Amino acid sequence: MRTPHVVAVMGVAGTGKTTIGPLLAARLGVPYAEGDDFHPPANIAKMSAGHPLEDADRWPWLDTIGAWAHGREGLGGVVSCSALKRAYRDRLRASAPDLVFVHLTGDRQLIGDRMSHRQGHFMPTALLDSQFATLQPLEADEAGVAVDIAGDPEEITARAVRALEALPDRTSH
């Protein structure tokens with residue numbers, strides 16, 4: 001039996017991390033953690049005011065997510081986390097070396113449209129351009145898969161499960 005992955009569902013705001021994350025966790029039979037819940041109140045206040053976070057704001061947040069992922073190694077889990085820069089993913093992997101990324105991808109128009117229909121989320125659509133400017137897609141040496149967000153949540157989740165199943169088993173245990 002293959003050890004369940006600990007998966008970080010990543011991507012810019014509006015790609016569906018909070019929708020796909022729990023669906024993926026349910027399909028894999030593992031717990032889900034909402035990455036936004038790991039933000040300290042100061043980060044949420046900053047983003048709610050329309051200001052992008054700086055790296056100094058992100059490091060403690062990433063360390064907390066990395067600690068959660070480390071605690072799930074060998075057990076499996078899914079956490080949502082934008083993880084837009086390679087440095088952020090490296091920081092997460094410093095705590096959880098076997099972390100696998102599912103990068104939700106889509107074009108800016110589709111994502112902006114989806115964001116404009118969201119209710120009660122602190123990330124304003126105005127910050128989407130800064131998210132795309134910051135995004136560094138997964139590199140060849142990073143464990144993970146890119147999954148297109150076209151279609152409904154069930155289709156996207158099924159696509160993510162198939163992509164994860166196709167990954168080689170990389171667990172270091």
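Tutor: We start with one definition: contact means heavy atoms within 4.5 Å. Keep in mind that this is a predicted model.

Student: Which residues does Arg91 touch, leaving aside its neighbours within four places in sequence?

Tutor: Arg91 is in contact with Trp59, Leu62 and Asp63, with neighbours within four places left out. Arg91 itself lies in helix α4. Take Leu62 from that list. Arg91 and Leu62 are 29 residues apart along the chain, and their C-alpha atoms are separated by 6.9 Å.

Student: Why is Arg91 called partly exposed?

Tutor: Its relative accessible area is 29%. Buried means under 20%, and exposed means over 50%. The value of 29% falls in between, so Arg91 is partly exposed.

Student: What makes Asp57 and Lys46 a salt bridge?

Tutor: Their closest N and O atoms are 2.8 Å apart. The rule asks for a side-chain nitrogen of Lys or Arg within 4 Å of a carboxyl oxygen of Asp or Glu. Lys46 brings the nitrogen, Asp57 brings the oxygen, and 2.8 Å is within 4 Å, so the pair is a salt bridge.

Student: Where in the chain do these two partners sit?

Tutor: Asp57 is in helix α3, and Lys46 is in helix α2, residues 41-48. They are eleven residues apart, and the pair links distant parts of the chain.

Student: Why is the link between Asp57 and Lys46 also called a polar contact?

Tutor: The polar contact that joins their side chains is 2.8 Å. The cut-off for such a pair of N or O atoms is 3.5 Å, so 2.8 Å passes.

Student: Which residues does Asp57 touch, not counting those up to four places away?

Tutor: Asp57 touches Asn43 and Lys46. As for Pro40, it is 17 residues from Asp57 in sequence and 9.0 Å away in space, C-alpha to C-alpha.

Student: Is Lys46 buried or exposed, or something in between?

Tutor: Lys46 has 23% relative accessibility. That is not under 20% and not over 50%, so Lys46 counts as partly exposed.

Student: Which salt bridges does Glu142 form with Arg89 and Arg93, and what are their distances?

Tutor: With Arg89, the closest N and O atoms are 2.7 Å apart. With Arg93, the N to O distance is 3.1 Å. Both values are within 4 Å, so both pairs count.

Student: Where do Glu142 and Arg93 lie?

Tutor: Glu142 is in the loop between α6 and β5, while Arg93 is in helix α4, 49 residues apart.

Student: How do you know that Glu142, Arg89 and Arg93 are buried?

Tutor: Check each value against the 20% cut-off. Glu142 has 6% relative accessible area, so it is buried. Arg89 has 0%, so it is buried too. Arg93 has 16%, which is under 20%, so Arg93 is buried.

Student: Which residues are linked in the network of salt bridges?

Tutor: Arg86, Arg89, Asp90, Arg93, Glu139, Asp141 and Glu142 are linked in it. A search of the whole structure finds 13 salt bridges.

Student: How do you know that Lys17 has no salt bridge?

Tutor: Lys17 is in helix α1. The nearest side chain of opposite charge is Asp36, 6.9 Å away. The limit is 4 Å, so Asp36 does not qualify. Lys17 is buried all the same. Among the residues it touches are Val9, Tyr32, Ser80 and Leu104.

Student: What makes a set of residues a nonpolar core, and how many residues does the largest one have?

Tutor: The members are buried residues of nonpolar-core types, such as Leu and Val, joined through side-chain atoms within 4.5 Å. The largest core has 40 residues. Leu24, Leu92, Leu99, Val102, Leu104 and Leu164 have the most contacts inside it.

Student: Which element gives the largest share of this core?

Tutor: Strand β1 does, with five residues. As for Leu99, the residues it touches include Val6, Val7 and Ala8.

Student: How many helices and strands does the chain have?

Tutor: It has seven helices and five strands. Buried residues make up 43% of the 173 residues.

Key: Residues are numbered from 1 along each chain as its sequence is written. This is a predicted model: local features need pLDDT of at least 70, side-chain atom pairs count only at pLDDT 80 or more; totals for chains, interfaces and linings use all residues. Side-chain values use heavy atoms; hydrogens and water are left out. Helices (H or I, at least four residues) and strands (E, at least two) are DSSP runs, numbered from the N terminus. Buried means under 20% relative accessible area, exposed over 50%, partly exposed in between (1.4 Å probe, protein chains only). Lys and Arg count as positive and Asp and Glu as negative; His and the chain ends are not counted. A polar contact is a pair of N or O atoms within 3.5 Å; within protein, one must be able to donate a hydrogen and the other to accept it, and residues adjacent in sequence count only if both atoms are side-chain atoms.
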